[in-house]
Amino acid sequence: MQKYVSFLAASCIYGLVLMSPNALASEKTQVLMGEKTVTLEGKLPKLSQMAPGFKVVDDHFSPVMLSDFKGKTVLISAVPSLDTGVCALQTKRFNSEVSHFSDDVVMLTISADLPFAQKRFCKVENVDKIKVLSDSVWRDFGEKYGLLIQDYGLLARAIFIIDAEGKLQYQELVPNITEHPNYDAALEALKTLQAQQ
(Lines give C-alpha, C1' and ligand atoms only; values in the text may rest on other atoms or scores of the structure.)
Protein backbone atom coordinates (compact mmCIF):
# COMPACT_ATOMS: atom_id res chain seq x y z
CA MET A 1 0.00 0.00 0.00
CA GLN A 2 2.82 2.39 0.93
CA LYS A 3 4.51 1.79 -2.43
CA TYR A 4 1.22 2.58 -4.20
CA VAL A 5 0.82 5.86 -2.25
CA SER A 6 4.43 6.79 -3.06
CA PHE A 7 3.73 6.08 -6.74
CA LEU A 8 0.63 8.32 -6.63
CA ALA A 9 2.58 11.11 -4.94
CA ALA A 10 5.34 10.87 -7.52
CA SER A 11 2.75 10.92 -10.31
CA CYS A 12 1.16 14.05 -8.86
CA ILE A 13 4.52 15.80 -8.58
CA TYR A 14 5.35 14.80 -12.17
CA GLY A 15 1.94 16.15 -13.23
CA LEU A 16 2.66 19.46 -11.49
CA VAL A 17 6.00 19.71 -13.28
CA LEU A 18 4.22 19.17 -16.60
CA MET A 19 1.73 21.89 -15.73
CA SER A 20 4.42 24.44 -14.83
CA PRO A 21 4.23 27.88 -16.49
CA ASN A 22 7.08 26.96 -18.84
CA ALA A 23 5.21 23.86 -20.00
CA LEU A 24 1.98 25.82 -20.46
CA ALA A 25 3.78 28.57 -22.35
CA SER A 26 4.63 26.10 -25.08
CA GLU A 27 0.89 25.66 -25.74
CA LYS A 28 0.45 29.35 -26.57
CA THR A 29 0.14 30.49 -30.16
CA GLN A 30 3.30 31.90 -31.70
CA VAL A 31 3.86 33.83 -34.91
CA LEU A 32 6.83 35.46 -36.54
CA MET A 33 7.63 39.15 -36.50
CA GLY A 34 10.15 39.16 -39.32
CA GLU A 35 12.67 36.59 -38.13
CA LYS A 36 11.73 36.84 -34.45
CA THR A 37 9.19 34.51 -32.82
CA VAL A 38 6.60 36.25 -30.65
CA THR A 39 3.94 34.79 -28.36
CA LEU A 40 0.26 35.71 -28.48
CA GLU A 41 -1.88 36.05 -25.38
CA GLY A 42 -5.22 34.29 -25.28
CA LYS A 43 -6.61 31.77 -27.75
CA LEU A 44 -8.10 32.17 -31.20
CA PRO A 45 -11.89 31.78 -31.18
CA LYS A 46 -13.33 28.61 -32.69
CA LEU A 47 -14.96 28.52 -36.10
CA SER A 48 -18.73 28.01 -36.30
CA GLN A 49 -19.07 29.18 -32.69
CA MET A 50 -20.49 32.51 -31.53
CA ALA A 51 -17.83 35.18 -32.00
CA PRO A 52 -16.67 36.72 -28.71
CA GLY A 53 -18.05 40.17 -28.02
CA PHE A 54 -15.52 42.96 -27.62
CA LYS A 55 -15.25 46.67 -26.89
CA VAL A 56 -12.94 49.07 -28.76
CA VAL A 57 -13.06 52.83 -29.42
CA ASP A 58 -13.54 55.03 -32.47
CA ASP A 59 -11.62 58.21 -33.32
CA HIS A 60 -13.54 60.14 -30.62
CA PHE A 61 -12.76 57.52 -27.94
CA SER A 62 -16.43 56.50 -28.01
CA PRO A 63 -16.96 52.79 -27.24
CA VAL A 64 -17.81 50.52 -30.17
CA MET A 65 -18.91 46.93 -29.55
CA LEU A 66 -19.39 43.95 -31.82
CA SER A 67 -23.05 43.95 -30.79
CA ASP A 68 -23.41 47.35 -32.53
CA PHE A 69 -23.31 45.42 -35.83
CA LYS A 70 -25.92 42.81 -34.90
CA GLY A 71 -27.64 41.36 -37.96
CA LYS A 72 -24.79 42.31 -40.28
CA THR A 73 -21.91 40.30 -41.69
CA VAL A 74 -18.68 41.66 -40.23
CA LEU A 75 -15.18 41.36 -41.69
CA ILE A 76 -12.48 42.27 -39.16
CA SER A 77 -9.03 43.14 -40.45
CA ALA A 78 -6.63 43.15 -37.49
CA VAL A 79 -3.28 44.87 -38.00
CA PRO A 80 -0.29 45.66 -35.74
CA SER A 81 0.06 49.36 -36.65
CA LEU A 82 -1.27 51.60 -39.41
CA ASP A 83 2.13 53.34 -39.48
CA THR A 84 3.69 50.36 -41.24
CA GLY A 85 3.57 49.62 -44.95
CA VAL A 86 1.77 46.26 -44.95
CA CYS A 87 -0.84 47.44 -42.44
CA ALA A 88 -1.50 50.58 -44.47
CA LEU A 89 -1.92 48.57 -47.67
CA GLN A 90 -4.16 46.01 -45.97
CA THR A 91 -6.43 48.75 -44.63
CA LYS A 92 -6.57 50.56 -47.97
CA ARG A 93 -7.33 47.29 -49.78
CA PHE A 94 -10.38 46.54 -47.64
CA ASN A 95 -11.42 50.19 -47.79
CA SER A 96 -11.60 49.83 -51.56
CA GLU A 97 -13.35 46.45 -51.42
CA VAL A 98 -16.21 47.32 -49.06
CA SER A 99 -18.11 49.21 -51.79
CA HIS A 100 -18.42 45.93 -53.75
CA PHE A 101 -20.71 44.52 -51.05
CA SER A 102 -24.20 45.36 -49.83
CA ASP A 103 -24.96 47.54 -46.82
CA ASP A 104 -25.41 44.31 -44.85
CA VAL A 105 -21.62 43.95 -44.80
CA VAL A 106 -19.45 45.95 -42.41
CA MET A 107 -15.65 45.99 -42.60
CA LEU A 108 -13.54 46.97 -39.60
CA THR A 109 -9.84 47.56 -39.22
CA ILE A 110 -8.70 47.15 -35.63
CA SER A 111 -5.24 48.03 -34.36
CA ALA A 112 -3.67 49.08 -31.06
CA ASP A 113 -2.81 52.51 -32.50
CA LEU A 114 -4.17 55.50 -30.60
CA PRO A 115 -7.33 56.98 -32.14
CA PHE A 116 -5.44 60.22 -32.90
CA ALA A 117 -2.96 58.33 -35.08
CA GLN A 118 -5.75 56.38 -36.77
CA LYS A 119 -7.67 59.57 -37.56
CA ARG A 120 -4.56 61.16 -39.08
CA PHE A 121 -3.88 58.05 -41.16
CA CYS A 122 -7.44 57.91 -42.50
CA LYS A 123 -7.34 61.57 -43.50
CA VAL A 124 -3.98 61.32 -45.28
CA GLU A 125 -4.79 58.02 -47.02
CA ASN A 126 -8.47 58.82 -47.82
CA VAL A 127 -9.70 55.81 -45.87
CA ASP A 128 -13.38 56.64 -45.47
CA LYS A 129 -15.44 53.49 -46.13
CA ILE A 130 -14.04 50.97 -43.67
CA LYS A 131 -14.45 51.63 -39.94
CA VAL A 132 -11.04 52.05 -38.27
CA LEU A 133 -11.14 51.25 -34.55
CA SER A 134 -8.63 51.21 -31.71
CA ASP A 135 -7.92 48.45 -29.18
CA SER A 136 -5.52 50.73 -27.28
CA VAL A 137 -7.78 51.46 -24.30
CA TRP A 138 -8.87 48.06 -22.91
CA ARG A 139 -7.02 45.55 -25.16
CA ASP A 140 -10.36 43.72 -25.08
CA PHE A 141 -10.40 42.63 -28.72
CA GLY A 142 -6.78 41.45 -28.69
CA GLU A 143 -7.25 39.34 -25.57
CA LYS A 144 -10.58 37.79 -26.59
CA TYR A 145 -9.37 36.94 -30.10
CA GLY A 146 -5.94 35.68 -29.04
CA LEU A 147 -4.04 38.34 -31.00
CA LEU A 148 -2.30 40.44 -28.35
CA ILE A 149 1.46 40.13 -28.83
CA GLN A 150 3.09 39.49 -25.46
CA ASP A 151 5.51 42.24 -24.35
CA TYR A 152 4.65 44.42 -27.36
CA GLY A 153 1.05 45.47 -26.80
CA LEU A 154 0.37 45.18 -30.54
CA LEU A 155 -2.08 42.96 -32.40
CA ALA A 156 -1.02 40.13 -34.67
CA ARG A 157 -2.21 40.28 -38.28
CA ALA A 158 -5.45 38.40 -38.84
CA ILE A 159 -8.76 38.33 -40.70
CA PHE A 160 -12.09 37.23 -39.20
CA ILE A 161 -15.52 37.02 -40.81
CA ILE A 162 -18.60 36.86 -38.59
CA ASP A 163 -21.99 36.05 -40.12
CA ALA A 164 -25.27 37.88 -39.50
CA GLU A 165 -26.11 35.45 -36.69
CA GLY A 166 -22.90 36.29 -34.86
CA LYS A 167 -21.01 33.08 -35.65
CA LEU A 168 -17.37 33.07 -36.69
CA GLN A 169 -17.24 31.61 -40.20
CA TYR A 170 -13.70 32.45 -41.38
CA GLN A 171 -10.35 33.25 -39.83
CA GLU A 172 -6.77 33.62 -40.93
CA LEU A 173 -3.94 34.23 -38.52
CA VAL A 174 -1.03 35.36 -40.70
CA PRO A 175 2.03 33.28 -39.67
CA ASN A 176 4.44 36.20 -40.13
CA ILE A 177 2.99 39.60 -39.25
CA THR A 178 5.28 41.32 -41.76
CA GLU A 179 3.41 39.57 -44.60
CA HIS A 180 0.01 40.19 -46.18
CA PRO A 181 -3.06 38.08 -45.45
CA ASN A 182 -4.75 36.10 -48.23
CA TYR A 183 -7.08 38.84 -49.50
CA ASP A 184 -8.60 36.70 -52.25
CA ALA A 185 -9.53 33.87 -49.86
CA ALA A 186 -11.14 36.26 -47.36
CA LEU A 187 -13.11 38.12 -50.03
CA GLU A 188 -14.24 34.88 -51.66
CA ALA A 189 -15.40 33.58 -48.27
CA LEU A 190 -17.30 36.82 -47.72
CA LYS A 191 -18.99 36.56 -51.15
CA THR A 192 -19.94 32.93 -50.51
CA LEU A 193 -21.37 33.78 -47.11
CA GLN A 194 -23.39 36.65 -48.59
CA ALA A 195 -24.80 34.38 -51.29
CA GLN A 196 -25.99 31.92 -48.64
CA GLN A 197 -27.80 34.50 -46.55
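## Working through helices, a sheet, two cores and one asparagine

Let's start with helix H4 (residues 115–125), whose buried residues are Pro-115, Ala-117, Gln-118, Phe-121 and Cys-122. Keep in mind that this is a predicted model.

**Exercise 1.** Work out how the buried residues of H4 are arranged around its axis, and what they pack against.

*Solution.*
- Step 1: Recall the helix geometry. An α-helix has 3.6 residues a turn, so residues three or four places apart point the same way.
- Step 2: Go back to the buried set: Pro-115, Ala-117, Gln-118, Phe-121 and Cys-122. Looking down the axis of H4, you find these buried residues within an arc of 155°, so they line one face of the helix.
- Step 3: Check the other side. Turned away from the buried side of H4 is a face with the exposed residues Phe-116, Lys-123 and Val-124.
- Step 4: Find the neighbours. Strand E3 (55–57), H3, E6 and strand E7 (131–134) are what the buried residues of H4 pack against.
- Step 5: See what comes next. After H4 sits Asn-126, with a positive phi near 55°.

**Exercise 2.** Do the same for helix H6 (residues 183–196), beginning with its span.

*Solution.*
- Step 1: H6 has 14 residues, and from first C-alpha to last it reaches 20 Å, close to the 20 Å expected at 1.5 Å a residue.
- Step 2: List what is buried in H6: Tyr-183, Ala-186, Leu-187, Leu-190, Leu-193 and Gln-194. Down the axis of H6 they fall within an arc of 125°, so they line one face of the helix.
- Step 3: On the face of H6 turned away from the buried side, look for the exposed residues Asp-184, Ala-195 and Gln-196.
- Step 4: The cover over the buried residues of H6 includes helix H3 (85–97) along with strands E5 (73–78), E6 (105–111), E9 (158–162) and E10 (168–173).

**Exercise 3.** Lay out the open sheet of three strands and pick its edges.

*Solution.*
- Step 1: The order is E1-E2-E8, with antiparallel pairing.
- Step 2: Strand E1 (30–33) and strand E8 (148–149) are the edge strands, as each pairs on one side only.
- Step 3: Zoom in on one pair. Strand E2 (residues 36–41) joins E8 in the antiparallel sense over two bridges, and Leu-40 stands opposite Ile-149 in E8.

**Exercise 4.** Identify which residues touch the most other members of the largest nonpolar core, then look at the contacts of Phe-141.

*Solution.*
- Step 1: This core has 28 residues, and those touching the most other members are Phe-54, Ile-76, Leu-108, Ile-110, Phe-141, Tyr-145 and Leu-147.
- Step 2: E2, E5, E6, E8 and E9 are the elements that give two or more residues to this core.
- Step 3: Leaving out residues up to four places away in sequence, Phe-141 touches Phe-54, Val-56, Ile-76, Ala-78, Ile-110, Asp-135, Leu-147, Leu-155 and Phe-160.
- Step 4: Don't miss the second, separate core of 23 residues, which includes Ala-88, Val-98, Tyr-183 and Leu-187. Tyr-183 and Leu-187 are also among the buried residues of H6.

**Exercise 5.** Decide whether Asn-176 is buried or exposed, and trace its contacts.

*Solution.*
- Step 1: Place Asn-176 in the loop between E10 and H6.
- Step 2: Its relative accessibility is 9%, and buried means under 20%, so Asn-176 counts as buried.
- Step 3: Asn-176 and Leu-32 are 144 residues apart along the chain, yet their C-alpha atoms are separated by 4.4 Å.
- Step 4: Not counting residues up to four places away in sequence, Asn-176 touches Leu-32, Met-33 and Gly-34.
- Step 5: Finish with the polar atoms. A polar atom of the Asn-176 side chain lies 2.9 Å from the backbone oxygen of Gly-34, and the Asn-176 side chain makes a polar contact with the side chain of Thr-178 (2.8 Å).

Definitions and conventions: Residues are numbered from 1 along each chain as its sequence is written. This is a predicted model: local features need pLDDT of at least 70, side-chain atom pairs count only at pLDDT 80 or more; totals for chains, interfaces and linings use all residues. Side-chain values use heavy atoms; hydrogens and water are left out. Helices (H or I, at least four residues) and strands (E, at least two) are DSSP runs, numbered from the N terminus. The expected span of a helix is 1.5 Å times one less than its number of residues. Buried means under 20% relative accessible area, exposed over 50%, partly exposed in between (1.4 Å probe, protein chains only). The arc is that of the directions from the helix axis to the C-beta atoms. Contact means heavy atoms within 4.5 Å. Two strands pair if DSSP finds at least two bridges between them. A nonpolar core is a set of buried Ala, Val, Leu, Ile, Met, Phe, Trp, Tyr and Cys residues joined through side-chain atoms within 4.5 Å. A polar contact is a pair of N or O atoms within 3.5 Å; within protein, one must be able to donate a hydrogen and the other to accept it, and residues adjacent in sequence count only if both atoms are side-chain atoms.
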